[in-house]
Amino acid sequence: MEEARLKIYHRMLPHWELDGASYFITFNTWEKLELNPEAREIVLNSCLFFNNQRYKIFVFVVMIDHVHLLMQPLLKSENEYWSLSSIMSSIKGYSAKQMAKVMKHIGTVWQDERYDRIVRNEQDFQAYWQYIPHSAPPSVTIGNYG
């Protein structure tokens, strides 16, 4: 087995990807756009669509104007993992197109960037595992898949 590769790149925020790592990811709506319940359901289903195919979601929450995910990209081929950018493009792109059916919003839905952090150890993992469900108001559905 090959040694894990670390890829580093910058847009507005730094992004580090390490083969086989888990990540805490937050992505936000454009200009604090508030998603109605139907739009949040679309985002929830978009997150779950490739779960256990391209990535494994451990826990996530879709809130009014942002999403928290604790997830791990899976192998795409024998020695290549699905990239965070391709995963996030899929989730954000599909959900944005579908939201037009349930919201009266025209234009950009998601901020271009995301906040992502490599989960370094079990203590990090447990901290994010605890944080994500507790960050949500009581009316928000939390997906717990770990």
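## The β4–β5 hairpin

Strands β4 and β5 are joined by a hairpin of three residues. The model in which this hairpin appears is predicted. Strand β4 covers residues 55–62, and seven bridges link it to β5 in an antiparallel arrangement. Within this pairing, V61 stands opposite H68 of β5.

Strand β5 also pairs with β3, which covers residues 23–28. This second pairing is antiparallel too and runs over six bridges. Here T26 has H68 as its bridge partner in β5. H68 is therefore a point to look for in both pairings, with V61 facing it from β4 and T26 bridging to it from β3.

How enclosed is strand β5 by the rest of the structure? Of the eight residues in β5 (66–73), seven are buried, so the strand is largely enclosed. In a regular strand, side chains alternate between the two faces of the sheet.

## One side of helix α2

Helix α2 consists of 16 residues, from 84 to 99. At 1.5 Å a residue the helix should span 22 Å, and its end C-alpha atoms are indeed 22 Å apart, so the expected and computed values agree.

Which residues of α2 are buried? They are L84, I87, M88, I91, K92, S95, Q98 and M99. These residues cover an arc of only 135° around the axis, which means that they sit on the same side of α2. S89 and K97, on the other side of the helix, are exposed. The spacing of the buried positions can be read with a general rule in mind. An α-helix has 3.6 residues a turn, so residues three or four places apart point the same way.

## Salt bridges

How many salt bridges does the model contain? The count is four. Side chains of opposite charge can pair when their charged atoms come close.

One of the four joins R5 and D19, whose closest N and O atoms are 3.2 Å apart. R5 lies in the segment before β1 (6–10), while D19 lies in the loop between β2 (14–18) and β3, so the salt bridge ties together parts 14 residues apart in sequence. R5 is partly exposed, with a relative accessible area of 39%, whereas D19 is buried at 14%.

Another salt bridge links R114 with D116, with 2.8 Å between the closest N and O atoms. R114 is buried, at 7% relative accessible area, and D116 is buried at 9%. In the pair formed by D124 and R120, the closest N and O atoms are 3.1 Å apart. Is R120 buried or exposed? R120 is exposed, at 58% relative accessibility, while its partner D124 is buried at 13%.

## The whole protein

The protein has three helices and nine strands. Read from the N terminus, the elements follow the order β-β-β-α-β-β-β-β-α-β-α-β. Of the 146 residues, 42% are buried.

Among contacts with a separation of 6 or more, 67% are between residues 24 or more positions apart. The exposed area of the protein is about 8,600 Å², and 54% of this comes from carbon and sulfur atoms.

How values were computed:
Residues numbered from 1 in each chain as written. Predicted model: local features only at pLDDT ≥ 70, side-chain atom pairs only at ≥ 80, totals over all residues. Heavy atoms only, no water. Buried < 20%, exposed > 50% of the residue type's maximum accessible area, 1.4 Å probe, protein only. Helix = DSSP H or I, 4+ residues; strand = E, 2+ residues; numbered from the N terminus. Pairing = 2+ DSSP bridges. Salt bridge = Lys/Arg side-chain N within 4 Å of Asp/Glu carboxyl O. Expected span 1.5 Å × (residues − 1). Arc of directions from axis to C-beta. Contact = heavy atoms within 4.5 Å. Areas by Shrake-Rupley, 256 points an atom, 1.4 Å probe, with all protein chains shown as cover.
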